Amino acid sequence: MSRDSEKSLSPKQCAVIDMALGTLKDCFNAFGTPGQGLKRNYLDKSPELQSLRYALSLYTQTTDTLIKTFINTQSQQNKPSERDPVGEVSLSVDIFTQPNNGEHKVTVKIVACNDLKWQTTGMFQPFVEVHLLGPHLSSRKRKHATKTKNTDKPRYNDTVIFMIGNEEMYDAYELHICVKDYCFARTDSLIGVTVLQLKEVDRTSGVASWFAFGRNVLLNETGWTILRILSQRKTDDVAKQFVQLKSAVRHEAPR
């Protein structure tokens, strides 16, 4: 993972820093003669202090809560695809909430890809992966991959159904879609990625459109902080998969 991943903190370090912040505020407030120190409310309103306290608070949250916070705060993930598209994918997505138990049925049809920008000296075999991301999915199906096609304009007409529990509304979830070039006995190469947050899907008519692929997703500082925290949870498969998806970047090195 990039973006200053070496700056990660352990929960114990966070607790020490949080205690130190309180002590420092007391010290600044007490410096000088009575009435001449910095007022506590001045320190509490400091943007830098508020930002640090928010980052520290994230370390104590569960993986599900962190992923939910990530989805709620990362609304610009597709900016790279707007500036420099490397292809597009045709998708249709429908959401149905079951009246008997409140669970949400998400039907995704991967129709086709077009204009995939990729150079290789070997056989080009693109396929599409669709990942459902959000809280409370550890025991549910959350990934689907199409078959490979030997063309830069593949048609898949492949459908997958994901089920979301009734713990959250469906707008706490998103679809992370990536197109890759299949490589035998090696890691598949990322061609492009796009994100569709389910809050953007009309629950009555669904959505059917072309979505542009970018070389990576764009994250703000909160997003990177959450990835740094999740990257430390080495035994958490959901956290590891999430970090891998969101930190993945297309590489142009010759193959």
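## Asn 157 and strand S5

Asn 157 lies in strand S5, in what is a predicted model. Its phi is near 50°, a positive value in a residue other than glycine. Asn 157 has a relative accessible area of 43%, so it counts as partly exposed, falling between the 20% limit for buried residues and the 50% limit for exposed ones.

Strand S5 covers residues 155–164 and stands at an edge of its sheet. Its partner is strand S2, residues 104–114, and 8 bridges join the two in an antiparallel run. If you would like a pair to click on, Val 106 has Phe 162 in S5 as its bridge partner.

## The four-stranded sheet

Let us step back to the sheet as a whole. It is an open sheet of 4 strands in the order S5-S2-S1-S8, with antiparallel pairing. S5 and strand S8 (207–212) are at the edges and have a single partner strand each, so one side of each is left without a neighbour in the sheet. On average, neighbouring strands here are turned by 25° against each other, direction ignored. As general background, the strands of a sheet pair through backbone hydrogen bonds, either parallel or antiparallel.

Moving inward from S5, S1 and S2 run antiparallel and are joined by 10 bridges. Within this pairing, Asp 94 stands opposite Thr 107 in S2. The hairpin of S1 and S2 has 6 residues between the strands, and in it Gly 102 takes a positive phi near 80°. On the other side of S1, the antiparallel pairing with S8 extends over 6 bridges. There, Val 93 has Val 207 in S8 as its bridge partner.

## Ser 90 in strand S1

Strand S1 spans residues 88–97 and includes Ser 90. Is Ser 90 buried or exposed? With a relative accessible area of 12%, Ser 90 is buried, because that value is under the 20% limit.

Which residues does Ser 90 touch, leaving aside its neighbours within four places in sequence? Its contacts are Lys 109, Ile 110, Val 111, Ala 112, Ser 209 and Trp 210. Lys 109 to Ala 112 fall in the range of S2, residues 104–114, while Ser 209 and Trp 210 fall in that of S8, 207–212.

## His 136 and its loop

A second residue with an unusual sign of phi, for your backbone checks, is His 136. Although it is not a glycine, His 136 has a positive phi of about 60°. It is found in the loop between S3 and strand S4 (143–145). At 30% relative accessibility, His 136 counts as partly exposed.

## An internal cavity

How many cavities of 30 Å³ or more does the count give? There is 1, and the largest cavity holds about 50 Å³ of space. Its lining consists of Ile 67, Leu 132, Leu 133, Gly 134, Leu 137, Arg 142, Val 238, Gln 241 and Phe 242. By type, these residues divide into 6 nonpolar, 2 polar and 1 charged.

Strand S3 (126–133) and helix H7 (237–247) each supply at least two residues of this lining. The largest share, 3 residues, comes from H7.

## The chain as a whole

The chain has 255 residues, and 43% of them are buried. Its secondary structure comes to 7 helices and 8 strands. Among contacts with a separation of 6 or more, residues 24 or more positions apart account for 70%.

Conventions: Residues numbered from 1 in each chain as written. Predicted model: local features only at pLDDT ≥ 70, side-chain atom pairs only at ≥ 80, totals over all residues. Heavy atoms only, no water. 1 Å grid on protein atoms, 1.4 Å probe; cavity = no way out; pocket = protein on both sides within 12 Å on 5 of 7 lines; lining within 4 Å. Points joined across faces, edges and corners; volume = space filled by probe spheres on them. Nonpolar A, V, L, I, M, F, W, Y, C, P; charged D, E, K, R; others polar. Pairing = 2+ DSSP bridges. Axes fitted to C-alpha atoms, helices over the stretch in contact; angles between N-to-C directions. Buried < 20%, exposed > 50% of the residue type's maximum accessible area, 1.4 Å probe, protein only. Contact = heavy atoms within 4.5 Å.
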